[in-house]
Amino acid sequence: VAAADAAVTTQLMRPITNHFGSGSILRETWLAVRGMKVQDLTASANFPDRPNERALLPIFETPMAGPGVDLYGARFRGYLHPPLTGSYTFWIAADDSAELWLSPDDQPENKRRICQAAEWSLSFRNWWHDSEQESSPIYLEAGRGYYIEALHKEGGGGDFFSVAWQPPGSDLEVITGADLSPFQPSK
């Protein structure tokens, strides 16, 4: 890890206070993590404080990658800003496994797991491989920020990761940056 990256990696994280989507979610990646389960990532000596990479993504999804991008884990975290008040259902799809966590407020310590892809979802954006990939309906209020986090573990072969929701009165869609803001490193 380069010196500049090491300095960023060792910084503490703090929540942002602006509760309006700013267009992205933070993705942290840990390389050379063996296994295919989320628990393999969380048991890693470098998790959660020393990721190898950080990036801001404009959508709650990573594109499909072919063979050769293997043995890594990722954490996505930020704030979700629902555009409408009402009940939302969430879905997650991944190769090889993933979990989606949501807080009833903007505090990371209050998060709870709402759905998971305990195993490979078979194909990109396949939301229905297993019933655990879908959350129960969750009531959210417009104008509030909710801490959201996902953990993804890739073992081998091609890989993908996606999170979708169904807002009130709308169709299922991948969550875009219009409804997200990233968890930011402290200064």
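This report describes the nonpolar cores, a buried arginine and one strand with its neighbours in a predicted model.

## The nonpolar cores

The largest nonpolar core has 26 residues. Those that touch the most other members are Phe60, Leu80, Phe90, Leu100, Leu102 and Phe161. Several strands give two or more residues to this core: β5 (72-80), β6 (86-95), β7 (97-102), β8 (112-117), β9 (138-140), β10 (146-154) and β11 (159-166). The largest share, four residues, comes from β6. Apart from this core lies another one of six residues, including Trp30, Leu41, Phe47 and Leu151.

Phe161 can be followed further. Leaving aside its neighbours within four places in sequence, Phe161 is in contact with Phe60, Glu61 and Thr62, and also with Phe76. The list goes on with Ile92, Ala93, Ala94 and Ala98, and it ends with Ala150 and His152.

## A buried arginine

Arg27 belongs to strand β2, which covers residues 25-31. Arg27 is buried, yet it has no salt bridge. The nearest side chain of opposite charge is that of Glu53, 5.5 Å away. A salt bridge calls for a side-chain nitrogen of Lys or Arg within 4 Å of a carboxyl oxygen of Asp or Glu, so a pair at a distance of 5.5 Å does not count as one.

Glu53 is nevertheless among the contacts of Arg27, when neighbours within four places in sequence are left aside. The other residues in contact with Arg27 are Arg54, Ala55, Leu57, Thr62, Tyr72, Ala74, Arg75 and Phe76. Thr62 and Phe76 also appear among the contacts of Phe161.

## Strand β11 and its partners

Strand β11 is mostly covered, with seven of its eight residues buried. β11 runs antiparallel to β6, and seven bridges join the two strands. In one of these pairings, Ala93 has Ser162 of β11 as its bridge partner.

β11 is also joined to β12 (residues 173-174) by two bridges, and these strands too run antiparallel. Here Ala164 stands opposite Val174 of β12.

## The loop after β11

The hairpin of β11 and β12 has six residues between the strands. Gly169 is placed in this loop and takes a positive phi near 70°. Is Gly169 buried or exposed? Gly169 is exposed, because its relative accessible area is 90%, and the cut-off for exposed is over 50%.

Gly169 and Tyr88 are 81 residues apart in sequence. In space, the distance between them is 9.6 Å, C-alpha to C-alpha.

Terms used: Residues are numbered from 1 along each chain as its sequence is written. This is a predicted model: local features need pLDDT of at least 70, side-chain atom pairs count only at pLDDT 80 or more; totals for chains, interfaces and linings use all residues. Side-chain values use heavy atoms; hydrogens and water are left out. A nonpolar core is a set of buried Ala, Val, Leu, Ile, Met, Phe, Trp, Tyr and Cys residues joined through side-chain atoms within 4.5 Å. Buried means under 20% relative accessible area, exposed over 50%, partly exposed in between (1.4 Å probe, protein chains only). Contact means heavy atoms within 4.5 Å. Lys and Arg count as positive and Asp and Glu as negative; His and the chain ends are not counted. Two strands pair if DSSP finds at least two bridges between them.
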